Amino acid sequence: MTFLSILCALLLEQMKPLRADNPIYAEIKRLAVRMETWFNAGDPSHGRLGWFVMMAALIVPTGLIYWVLLRYDLILAAFAWNVLIVYLTLGFRHYSHYFTSIQLALNAGDEAAARALLAEWTKQDTVGMEVNEISRIAVEKALITTHRSVFGVFFWFLMPLGPAAAVMYRVAEYLARAWNEPEHMRNEAFGLFAARAFYWIDWIPARLTAVAFAIVGNFEDAIYAWRNFAYRWRDEAIGIILAAGGGAMGVRLGTPLENAAKVVPADAGTVDISDVEVETLPGDEPSVRALQSTVGLVWRALLLWMLLLLLLSGAVYLG
């Protein structure tokens, strides 16, 4: 049932992509705002309480419905519920139009349009960006979004809680952003627990995604970049995914000097990091071709996940 649920949800999303601004997501965002309003009194423990209350409000009904359907042998209904939850938690096509449009704009030589699309997608200033920079950021955004919207969901959906675990992962990922990234929340203690909780929830999925990229790409370069450069990003999971993904494609991604202080000898004294010569990531500078390579890498990784899931489901069925 697990394999068929994911397969049907993927096919459904290909035919009818769920918009990122759909009503269900809008309600979850409103609930997150209400939780922050109700519980945020400036203490980290309040963020922890708000996180658990919101999780319970979404996970318990999802899991309870699935349990009741199985309890009364409503297999088809349980299967349909699985497909619905996977469809709602997947985000394979939510932002793919941005990536495709940026690729088309760059191929047509319309850098202004590519900058505008990238700014709308990433919410950052893209004025004056060159083609290489546009390509790099688009590839990075695509890899991270695919991991968090697809492969992370796959992993948790395979867990015993099934659809409830998939909901937990996507909501945890959203709360880690919503309670930390907005300007008015960056220095708030309220979001500390949400960020830490997602770090642990995403610990295994992030590494499995990196392994998948390595297997379907240049394995040696992916593993080399992962082992030697991933720790230089402030966000460990992002560093692992971008280092492995870039290595798998032979493309230099990210700005791995964020933690350059860690590669400076302890006895170096006071040193300007910008003057420190550190080893650079392997690979070529990102170009328009890197966008096409990203599409291929993601699809091959997706097929690998589906193949492994099929083999696992077959083994369970035969056993």
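A charge sits over a ring if NZ of Lys or CZ of Arg is within 6 Å of the ring centre and within 35 degrees of the ring normal. Two arginines do this here:

| Charge | Ring | Distance to ring centre |
|---|---|---|
| Arg71 | Tyr72 | 5.8 Å |
| Arg207 | Trp203 | 3.8 Å |

A word on ground rules. This is a predicted model, where local features need pLDDT (the predictor's confidence in each residue, from 0 to 100) of at least 70, side-chain atom pairs count only at pLDDT 80 or more, and totals for chains, interfaces and linings use all residues. Residues are numbered from 1 along each chain as its sequence is written, and side-chain values use heavy atoms, with hydrogens and water left out.

Mean pLDDT for the protein is 86, with 91% of residues at 70 or more. Residues 259–278 drop below 50, and beyond near neighbours in sequence that stretch has 16 contacts (heavy atoms within 4.5 Å) in the model. Where pLDDT is low, the predicted coordinates should not be read in detail.

Now for the rings. Phe, Tyr and Trp (its six-membered ring) pair if their centres lie within 6.5 Å; planes under 30 degrees apart count as stacked, over 60 as edge-to-face and the rest as tilted. The whole structure holds 14 aromatic pairs. Tyr98 and Trp121 are stacked, because their centres are 6.0 Å apart and their planes at 10°. Both are buried (under 20% relative accessible area, with exposed over 50% and partly exposed in between; 1.4 Å probe, protein chains only). Phe155 and Trp156, with centres 5.4 Å apart and planes at 90°, make an edge-to-face pair.
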